[in-house]
Amino acid sequence: QVQLVESGGGLVQPGGSLRLSCAASGSIFRIYNMGWYRQAPGKQRELVARITEGGSTNSADSVKGRFTISRDNAKNTVYLQMNSLKPEDTARYYCNADISPRGYSHADYWGQGTQVTVSS
């Protein structure tokens, strides 16, 4: 069974920084794309940033220049470094990954989410 576990959320003042981590565990054969999504109250879930197995990235226009996604394939972990945080970044952040468990076809997996609140 594959699990994604996020960590690193919390309360931060505007202009501050946070680093989110998401570790995949279980019987994993291969991890393809990994990414971060967020959902604010009353809004749809949206893509924040995504990274391919080879390290190519793309991100939402709203976070370009402030957020950086990276991954450590040896640790099956994806990170989101968030700088210059704004109140509008407040949301629950979810990790997503396209994973092939050993002996099974690849599928989409989600973490349980971690809350990020930007407020003074």
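1. In this predicted model, strand E1, which covers residues 3–7, has two faces that can be told apart: Leu 4 and Glu 6 lie on the covered face, whereas Gln 3, Val 5 and Ser 7 lie on the uncovered one.

2. Strand E1 runs antiparallel to E3, and five bridges join the two strands. Two residues of the uncovered face of E1, Gln 3 and Val 5, can be followed across to their partners, since the bridge partner of Val 5 in E3 is Ala 23, while that of Gln 3 in E3 is Ser 25.

3. Looking at the wider arrangement, one finds an open sheet of four strands, paired antiparallel and following the order E1-E3-E8-E7. The edges of this sheet are taken by E1 and by strand E7 (67–72), and because each has a single partner strand, one side of each is left without a neighbour in the sheet. On average, and with direction ignored, neighbouring strands of this sheet are turned by 15° against each other.

4. Which residues form a disulfide? Cys 22 and Cys 95 do, with their sulfur atoms 2.1 Å apart, and the count of disulfides comes to one. The pair links distant parts of the chain, for Cys 22 belongs to strand E3 (residues 18–25) and Cys 95 to strand E9 (residues 91–101), with their positions 73 residues apart. The angle about the S-S bond is -80°, and the link of Cys 22 and Cys 95 is left-handed.

5. Are the two cysteines buried or exposed? Cys 22 counts as buried because its relative accessibility is 0%, and Cys 95, with a relative accessible area of 0%, is buried as well.

Conventions
Residues numbered from 1 in each chain as written. Predicted model: local features only at pLDDT ≥ 70, side-chain atom pairs only at ≥ 80, totals over all residues. Heavy atoms only, no water. Disulfide = S-S within 2.5 Å. Buried < 20%, exposed > 50% of the residue type's maximum accessible area, 1.4 Å probe, protein only. Pairing = 2+ DSSP bridges. Axes fitted to C-alpha atoms, helices over the stretch in contact; angles between N-to-C directions.
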